[in-house]
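Q: Could you take me on a close look at one part of this model, the nonpolar core and the strands of the chain it belongs to? I'd like a connected walk-through that I can follow with the structure open.

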Amino acid sequence: MITSVKKQITSGLLILGLAWCGMAQVFAQDDLLQMLNEEQAKETNYTLATFKASRLINGQTIETISKKHLNFWISHRFGAVNSGFIANFFGLDEARIRLGLEYGLTDQWLVGAGRSSLDKTYDLYTKYKVLRQSNKFPVTVTGLAGWAINTMETGYVMQSGSEMRFNSNVERYSYWGQVLIARKVNENLSLQLMPTIIHVNKVEDPSISNDLMALGIGGRYKLTKRFTLSGEYYHAFSEPDAFRASTGKAYPYHDAISVGVDIETGGHVFQLHFTNSRGMIENQFIGQTVGQWQKADIFYGFNIARTFSFEKGAKHKDK
Amino acid sequence: MKIILTIAAFLFFLQVEEVAGQVLYSTSTGEVSFYSDAPLETIEAANKKTGSIINATSKELAMQMKITDFIFPNKLMQEHFNENYLESEKYPTASFKGKIKEQIDLTKAGTYPVTAEGSLTIHGVTKPVAVKGNIISTGNDLKLDFKFQVKPEEYKIEVPSLVVTKIAETIDVTGKMTLVKK
């Protein structure tokens, strides 16, 4: 009896000993990689490339460009698709053009300038990435502020048909501020919200407020590594009824809706799209979009971005 | 009976001894670079946050780095590297796990040419490799450097025909790091 108890204890001890031996083995091998994993898991992992470019279609994205990098933007909006084949080759006979440059002062802060042939307008803007999406924070938040000057002759006829008279240069200015909030939901899908305020110094009719609030929503879906679908919608909180009461005419401006694709080839991003807006700067496409989708009064357009790096070491690499 | 007990106890203490006797060297700031020399373009990038551990007792070695920590002079290239080639969202890390073949005592000062045999994981693909390098030990730290080559194709990294002239078929990978005794 006693012997058998002793035997049991002994074999129990032996098993314990062997188990410990096994555990030690496990500890020794399994796993140096595990230890590295645990260490690296503590770090913040920032989300990369929520969007392919600093512009979605007409509007901006939360993306800024890297320090010492320069973007050259060439954008075209052709004539209205419904303007006829013989008369205007479905709009391709003519185009509104914007040429723009963007420069990264830091990885989070860029400045940009551009010139649009629509209303002969120059624009300046700056964009700063305030918060970044990471494994610890759900969204990226970027602030945008811009200014534009309309250099058309006084008394010119606007897209809406109204005549615009400027009494001083200050009346030619517009300003806008925007908070861009985006989340890369997964590898393919990114969504963005764009609350916006626009101030125009001179409006065409007193019934139109100088300040315009708007809310934009946009997104992209990556179909393949280099091919992306994108869309953008801006709702302007304008007062069409006040305009109709004051002038007896229908309010000429509509919400801007754009859909397109992004094609990426090495150093270029090509954005091809259809939009009911011909303007390519915020006060124009959010506040003064004249086209209407239901009338096929839309414009085919493209943006091409070319990035140059002025970072040390990037030069002379192209053979 | 007593003999069995003694053996059990002996095994027990032996293991304790061995566990306590593990000599680990590690770093989280190792540098691993790669160099691609193709007809049209030379591409270089460095990762200065490579984690590495060497167990001098068992001579096992592990190394791991985040793909997003590779820094390129051209940030657009860096984005493409992550988005289009290495797909860092799907496969966030590259790692090596292996064992030093030579019978050496790394806790003793000296210079040791070494060969580590093990498996290399890049882009979710694991391949057996043997990497040659040198370890200079002072006893308290190990200076490690190594060099090897990888073929992107073997790790299922797609290079579109449009850019084959810009990305080399074989890419040189070099590393240097100082691991400190834990």
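A: Here is a walk through that part, with some background on confidence first and a short look at the other chain at the end.

Please keep in mind that this is a predicted model. Its overall scores are ipTM 0.73 and pTM 0.81. Chain B has a mean pLDDT of 88, and 88% of its residues score at least 70.

Let's begin with the layout of chain B. Its secondary structure consists of 2 helices and 9 strands. Starting at the N terminus, the order is α-β-β-β-β-α-β-β-β-β-β. Of the 182 residues in chain B, 28% are buried. If you take the contacts in this chain between residues at least 6 apart in sequence, 58% of them join residues at least 24 apart.

Now to the core itself. The largest nonpolar core has 32 residues. Those touching the most other members are B:Ile54, B:Leu61, B:Ala62, B:Phe81, B:Leu142, B:Leu144 and B:Leu179. In soluble globular proteins, nonpolar side chains tend to be buried together.

B:Leu179 is a good residue to click on. Beyond its neighbours within four places in sequence, B:Leu179 contacts B:Ile54, B:Leu142 and B:Leu144, among others. The list of its contacts also includes B:Tyr25, B:Ser26, B:Thr27, B:Ser52 and B:Asp141. A separate core, apart from this one, has 14 residues, including A:Val200, A:Ala214, A:Tyr234 and A:Ile286.

Next, the strands. Strand 3 of chain B covers residues 60–66 and pairs with strand 5, residues 93–100, in the antiparallel sense over 7 bridges. As one example, B:Glu60 has B:Lys99 in strand 5 as its bridge partner. Strand 5 of chain B is also joined to strand 6, residues 110–122, by 6 bridges, and these two strands run antiparallel. Here B:Lys97 has B:Ser119 in strand 6 as its bridge partner. In a regular strand the side chains alternate between the two faces of the sheet.

Finally, a glance at chain A, which has a mean pLDDT of 88. One stretch calls for care: over residues 21–29 of chain A, pLDDT stays under 50. Where pLDDT is low, the predicted coordinates should not be read in detail. Elsewhere in chain A, A:Arg132 sits in the loop between strand 4 (121–131) and strand 5 (140–150). With 19 other C-beta atoms within 10 Å, A:Arg132 counts as partly exposed. Setting aside neighbours within four places in sequence, A:Arg132 is in contact with A:Tyr46, A:Phe137 and A:Thr140.

How values were computed
Residues are numbered from 1 along each chain as its sequence is written. Chains are lettered from A and ligands numbered from 1 in the order in which they are written. This is a predicted model: local features need pLDDT of at least 70, side-chain atom pairs count only at pLDDT 80 or more; totals for chains, interfaces and linings use all residues. Helices (H or I, at least four residues) and strands (E, at least two) are DSSP runs, numbered from the N terminus. A residue is buried if 20 or more other C-beta atoms lie within 10 Å of its own, exposed if 12 or fewer, and partly exposed in between; C-beta atoms are placed from the backbone. Two residues are in contact if their C-beta atoms, placed from the backbone, lie within 7 Å. pLDDT is the predictor's confidence in each residue, from 0 to 100. A nonpolar core is a set of buried Ala, Val, Leu, Ile, Met, Phe, Trp, Tyr and Cys residues joined through C-beta atoms within 7 Å. Two strands pair if DSSP finds at least two bridges between them.
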